[in-house]
Amino acid sequence: MKITHTIIKSVAGFGALSLVIMLNSATLNADNIETENLLSRPELKQLIHEVVREELAAMQAAMPEKASVGVMSEAAMLTHSCAGCHGTNGRVSDAAFMPLAGMPQQEFINTMLDFRNDKRTGTLMGHVAKGYSEAEIALMASYYASLSDSLLTDPESE
Amino acid sequence: MQRRDFIKLAGCAALSSTLSTRSLFAATPPHIVIIGGGVGGATTAKYLRLMDANVRVTLIEKNPVYIRPYGSSEVINGHIGMKDLEVTYTALKDKYGVNVVIDEAIGFDPDKQLVKLWQGGSIHYDRLVVSPGIELLYGQVPGYSKTLADKKIPSGWIPGQQTRLLREQLLAMPQGGTFLIAAPPAPYRCPPGPYERGALVAEWCQKHNPTAKVIITDPKNKFVTDQTMMLGWHRRYGFNIPPEFMEGMPEDVNNTGKPGMLEWIPEKDGGKIMALDAENMTVETEGSDIKADVINIIPPMRAGIVAQKMGLTNEQGWCPVNHYSFESELHPKVHVLGDASVSNMPKSGFAANTQAKVIAKAIIDLLAGREPDSPTLENVCYAVAGRDYGIFVADVFKLNDKGRIARQSMPRYAPLDATEVQLRLGEIYQQTWMKTFTEDCFA
């Protein structure tokens, strides 16, 4: 299973987390690997963290200049529903959930649309994304893009 | 009291840099008083201060430390301890400048807009938010009472001593014993909760008491997450999935017909609880009398007592509200949220958390003379069928043409063909959510 992560690192332009899931499940089904040969629980969590950070690192270059979008705007109000998992204003202390503050607008839109169209595998985001219109997704994207990112406040990322 | 509060509030005017500096109310800061420091009350307080640094917020809560109900069944199987459920109000006070008053609201004067406190005095509000949680109606099960719940037949649906007692009773259960959970009628707090609890107890028994039985009696014929939870029960605890839930089940399902460790008795099979005989440790259901070594009754419930005292409840014991602002239909300028309020949303922490943000915005709009917007709300409940087996229900809500909260049409549950890794990730997310969610509400 160690190769899984190497493969992820070498593939650009995909939703990396969905790739993890696909690769793991493919291996599970194809080789009928015994449970003890699978990634351990801490390894799996570590893998999520690493993949999330890699996705974020890939985005940093594309960070746009910040426009100001108020915390009470329609855009912000839509995002406040994300905060229960992804943290207040998209800043989260455990990056098992993707931090959303500062995410480039198009990145957010593409990811949500991929979830909505079942092009990206996950757990529940495919469901949640179906509850929002494209216009609402674009609004949410504009709010998160307006915030300065603070992924590095995540102590585990040091 | 009022003088002391005034001084405290004045001290809160020094704002941390996390707060918004723009305000509509710089000249005359309005005062919002919140009764109840659970998820709904705490989130409202925090987001009010995030949205407008010039509103003054007082939170009245009788317990100095919050014991979170979400995830509290994990105390019973020893996955966590009671200490892990504790949440403080430190960040609300220090980071957000919320005036936290540890006291009990005992009534209010809606005309003068005053909340009366147990320790004396009263506090004036411009808008009042009530987040009262639930009251458990032990007496609605004949033979059951709060005294019995505290000493012998715990409910553990509001976490505390009864949760600890359930843990002790599970540990003390004889080999091959029976652990009975009586699920409540709808509506109730934490829809997947009774079934997740059954799974957690069964998982513990597999390891420590492998011939034990877990029985869930139910006054309903379906429940939130049913098919997905049943699939987990089947895979882990030999549960036989009833024929009416078989549609779309994956190929690995193989109902043996032999009794597994976990059994679910729905209403149609006589699962409705009629009475408790505590002396003989027997529950009388419509179908039969069931003797058990541990009896865990989750009784019917209604809005928390303070909401009833304030006249905010309807005949069913819940609080009717306007869905734009959660303003009470019975008292103007009073907003009620969370488990106590009437809507199509589940009675969950996540629901209370998103309602709180809608209320915070609506209150600021109303104070500024604007109409509240039509809100979008969300609910996500993670649940586990055991270690490495996480499932969920996810919903997005908007208002319908009658101005009432309506669930958007979308899939709600984990897919029945979820891969093993998706289920493992679901459980990792469930565990992570306990932390990130608590932070969004309290920190």
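Helices here are DSSP runs of H or I with at least four residues, numbered from the N terminus. The model is predicted.

**Stop 1: a pair within one helix**

Select B:Lys146 and B:Asp150. Their side chains meet in a salt bridge, 2.8 Å from N to O. Both residues belong to helix α4 (residues 146-151) of chain B, and because they are four residues apart there, about one helical turn separates them. B:Asp150 has 31% relative accessibility and therefore counts as partly exposed. B:Lys146, at 48%, also counts as partly exposed.

**Stop 2: a pair between two strands**

Next select B:Arg407 and B:Asp395. They form a salt bridge in which the closest N and O atoms are 3.8 Å apart. B:Arg407 lies in strand β22 (residues 405-407) of chain B and B:Asp395 in strand β21 of chain B, so this salt bridge ties together parts that are twelve residues apart in sequence. Colour the two by accessibility: B:Asp395 is buried, with a relative accessible area of 1%, whereas B:Arg407, at 40% relative accessibility, counts as partly exposed. Over all chains, a search of the whole structure finds 28 salt bridges.

**Stop 3: where the chains meet**

Show chain A and chain B together. The contact takes 39 residues from chain A and 49 residues from chain B. Between them the two chains bury about 3900 Å², with 66% of it on carbon and sulfur atoms. There are 14 residue pairs in polar contact across this interface, both residues being at pLDDT 80 or more.

On chain B, highlight α2 (39-51), α9 (349-367), β20 (376-386), β21 (389-399) and α10 (420-442), the elements that give two or more residues to the side touching chain A. The largest share of that side, 17 residues, comes from α10(B). Sorted by class, the side of chain B that touches chain A has 23 nonpolar, nine polar and 17 charged residues.

**Stop 4: salt bridges across the interface**

How many salt bridges are there between chain B and chain A? The count is three. To see one of them, select A:Arg41 and B:Glu427, whose side chains meet at 2.6 Å, N to O. Keep A:Arg41 selected and add B:Asp388: these side chains also meet in a salt bridge, at 3.1 Å from N to O. B:Asp388 lies in the loop between β20 and β21 of chain B and A:Arg41 in helix α3 (residues 41-60) of chain A, so the pair joins two chains. A:Arg41 is partly exposed, with a relative accessible area of 21%. B:Asp388 counts as partly exposed at 25% relative accessibility. Now add B:Arg387 and B:Arg424, and the network of salt bridges that links them with A:Arg41, B:Asp388 and B:Glu427 is in view.

**Stop 5: aromatic rings**

Over all chains there are 16 aromatic pairs. In chain A, select A:Phe108 and A:Tyr144, a tilted pair with 5.6 Å centre to centre and 40° between the planes. A:Phe108 sits in helix α6 (residues 105-116) and A:Tyr144 in helix α8 (residues 134-146), 36 residues apart. Are these two buried or exposed? Both A:Phe108 and A:Tyr144 are buried.

In chain B, select B:Phe223 and B:Trp264, an edge-to-face pair at 5.4 Å centre to centre with 75° between the planes. B:Phe223 is in the loop between β12 (213-217) and α7 (226-237), while B:Trp264 is in strand β13 (residues 262-265), 41 residues apart. B:Phe223 counts as buried at 5% relative accessibility, and B:Trp264 counts as buried at 6%.

To finish, add B:Tyr195, B:Trp233, B:Phe239 and B:Phe245, which form one aromatic cluster with B:Phe223 and B:Trp264.

Methods: Residues numbered from 1 in each chain as written. Chains lettered and ligands numbered in written order. Predicted model: local features only at pLDDT ≥ 70, side-chain atom pairs only at ≥ 80, totals over all residues. Heavy atoms only, no water. Contact = heavy atoms within 4.5 Å. Buried area = accessible area lost by both parts, 1.4 Å probe. Salt bridge = Lys/Arg side-chain N within 4 Å of Asp/Glu carboxyl O. Polar contact = N/O pair within 3.5 Å; in protein donor to acceptor, adjacent residues only side chain to side chain. Nonpolar A, V, L, I, M, F, W, Y, C, P; charged D, E, K, R; others polar. Phe/Tyr/Trp six-rings, centres within 6.5 Å; stacked < 30°, edge-to-face > 60°. Buried < 20%, exposed > 50% of the residue type's maximum accessible area, 1.4 Å probe, protein only.
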